[in-house]
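Got your viewer open? Let's take a walk through this model, one selection at a time.

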Amino acid sequence: MEVIIPCAGASSRFPNMRPKYLLTDYAGRFMVQNAAEHYIDKHRVTIVILKEHDERYMARKKIEEAFGNKVDIVVLDKPTTGPADTVYQAIQRGRIDLSSPILIKDCDGFYKTEEKEGNVIYVASLSKHPRIRTAGAKSYTLTNDQGIINSVVEKKIVSDHFCVGGYQFETAKSFVNSFEQLSNKDNEIFVSNIVDFTISQGNLFFESEVENFIDVGTADDWFKFNNKPTYFCDIDGTIVKTKDFHDDPYEPIQKNVDALLKEQARGCKLVFVTARKKKYEEYTNKILTEMGFVNYVLVMETNHSRRVSVSYTH
């Protein structure tokens with residue numbers, strides 16, 4: 001399957017920031033990496049960017065450094081009329097196989113699911129995602145009892161299922177044909193318009209529900225997603241009871257351990273700082289892993305005194 005990620009928009013919901021797809025998350029990944037990672041090595045991925053972004057932010061180089069040769073990059077000379085136009089131009093300029101199915105994947109929403117065959121719109125349940133703050137700005141599907149989509153409604157809550165930014169067409173050629181027939185009109189063409197037109201031509205679209213959808217469509221959503229701080233934590237007296245010898249059997253301070261494990265589970269980074277000597281490093285790692293800590297950083301032989309964290313903000 002061909003996966004096309006259009007990144008040629010104005011990022012208007014991210015004022016005074018670089019293009020949203022180049023924003024770096026808490027783990028040092030670009031937004032577009034989060035959007036694309038599920039498809040890398042499974043499908044051919046094409047990322048579409050603007051020449052302006054490439055010249056000002058070195059977008060192509062950054063994407064190449066992030067993905068290597070695992071993605072194709074299409075650079076457009078000027079802004080398009082919208083995502084549908086961006087995808088159309090990517091198909092014209094890229095290495096897209098017109099006979100292959102295509103998935104149009106937004107960069108500002110993350111989910112993982114098994115891809116279906118045919119014409120599919122990936123959706124999430126509004127009732128299962130009550131914290132979605134831009135519900136009124138999303139697209140919603142209207143379906144029959146068999147899950148066949150009758151239409152897609154923009155920016156109006158008409159059902160419980162909203163589109164999560166994944167629109168799949170049976171072939172790239174079917175998308176191109178529908179776009180070209182609609183492009184004679186002056187109005188901006190949404191991908192949902194392409195879907196509705198394709199349905200009107202007698203083609204069936206089905207919806208497929210995804211779980212654990214993460215919406216980062218606004219700056220506030222992005223900041224919330226990245227609210228995963230790094231914790232600098234002492235060991236003795238904080239997560240284990242202090243002993244005279246550091247290789248003695250340990251006693252966890254369970255309420256503190258549980259609190260840190262909860263933060264670890266949501267993506268926070270843990271740095272354990274201790275005055276223990278280097279000779280206790282192996283045993284210290286052993287007790288940390290036994291308590292369930294993973295991907296942490298261990299700093300040994302600090303001064304046996306207070307810890308001071310120094311940072312600088314502009």
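Before the first stop, a term: two strands pair if DSSP finds at least two bridges between them. Helices (H or I, at least four residues) and strands (E, at least two) are themselves DSSP runs, numbered from the N terminus. You are looking at a predicted model, in which local features need pLDDT of at least 70 and side-chain atom pairs count only at pLDDT 80 or more, while totals for chains, interfaces and linings use all residues. Residues are numbered from 1 along each chain as its sequence is written, and side-chain values use heavy atoms, with hydrogens and water left out.

**Stop 1: a three-stranded sheet**

Select residues 230-234, 269-273 and 297-299. The first range is strand E12 and the last is strand E14, with strand E13 at 269-273. Together they make an open sheet in the order E12-E13-E14, with parallel pairing. E12 and E14 are at the edges with a single partner strand each, so one side of each has no neighbour in the sheet. On average, neighbouring strands here are turned by 20° against each other, direction ignored (axes are lines fitted to C-alpha atoms, for helices over the stretch in contact, and angles run from 0 to 180 degrees between N-to-C directions).

Now pick out E13 and E14, which pair over three bridges. Which residue of E14 stands opposite Phe-272? Click on Leu-298 and you have found it.

**Stop 2: a hairpin**

Next, show residues 139-143, which are strand E7, and residues 149-154, which are strand E8. This time the pairing is antiparallel, over five bridges. Strands of a sheet pair through backbone hydrogen bonds, either parallel or antiparallel. Ser-139 has Glu-154 in E8 as its bridge partner. The hairpin has five residues between the strands, and Gly-147 takes a positive phi near 80° there.

**Stop 3: charged partners**

Side chains of opposite charge can pair when their charged atoms come close. A salt bridge is counted when a side-chain nitrogen of Lys or Arg is within 4 Å of a carboxyl oxygen of Asp or Glu. That rule gives 19 salt bridges.

Select Lys-128 and Glu-209 to see one of them, with the closest N and O atoms 3.1 Å apart. Glu-209 belongs to strand E10 (206-209) and Lys-128 to the loop between strands E6 (120-125) and E7, so this pair ties together parts that are 81 residues apart in sequence. Add Glu-211, which also forms a salt bridge with Lys-128, at 3.8 Å. Glu-211 is in the loop between E10 and strand E11 (214-215), 83 residues from Lys-128.

How exposed are the two glutamates? Buried means under 20% relative accessible area, exposed over 50%, and partly exposed in between (1.4 Å probe, protein chains only). Glu-209 is partly exposed at 30%, and Glu-211 is partly exposed at 42%.

Now try Arg-133 and Asp-221, a salt bridge with its closest N and O atoms 2.9 Å apart. Arg-133 is in the loop between E6 and E7, and Asp-221 is in helix H7 (219-225), 88 residues away in sequence. Is each partner buried or exposed? Arg-133 is partly exposed at 49%, whereas Asp-221 is buried at 8%. As for the earlier trio, shared partners join Lys-128, Glu-209 and Glu-211 into one network.

**Stop 4: the pockets**

Switch on a surface. On a 1 Å grid over the protein atoms alone, a cavity is a set of points where a 1.4 Å probe fits but cannot get out, and a pocket is an open set with protein on both sides within 12 Å along at least five of seven lines; lining residues have an atom within 4 Å of a point. Grid points are joined across faces, edges and corners, and a volume is the space filled by probe spheres set on the points.

The largest pocket holds about 1100 Å³. Select Arg-13, Lys-20, Pro-83, Asp-106 and Asp-108, which lie nearest its centre among the 40 lining residues. Strand E9 gives the largest share of this lining, four residues.

For the second largest pocket, about 520 Å³, select Arg-131, Phe-213, Ile-214, Asp-215 and Lys-224, the closest to its centre of 14 lining residues. H7, the helix you met with Asp-221, gives the most to this lining, with three residues.
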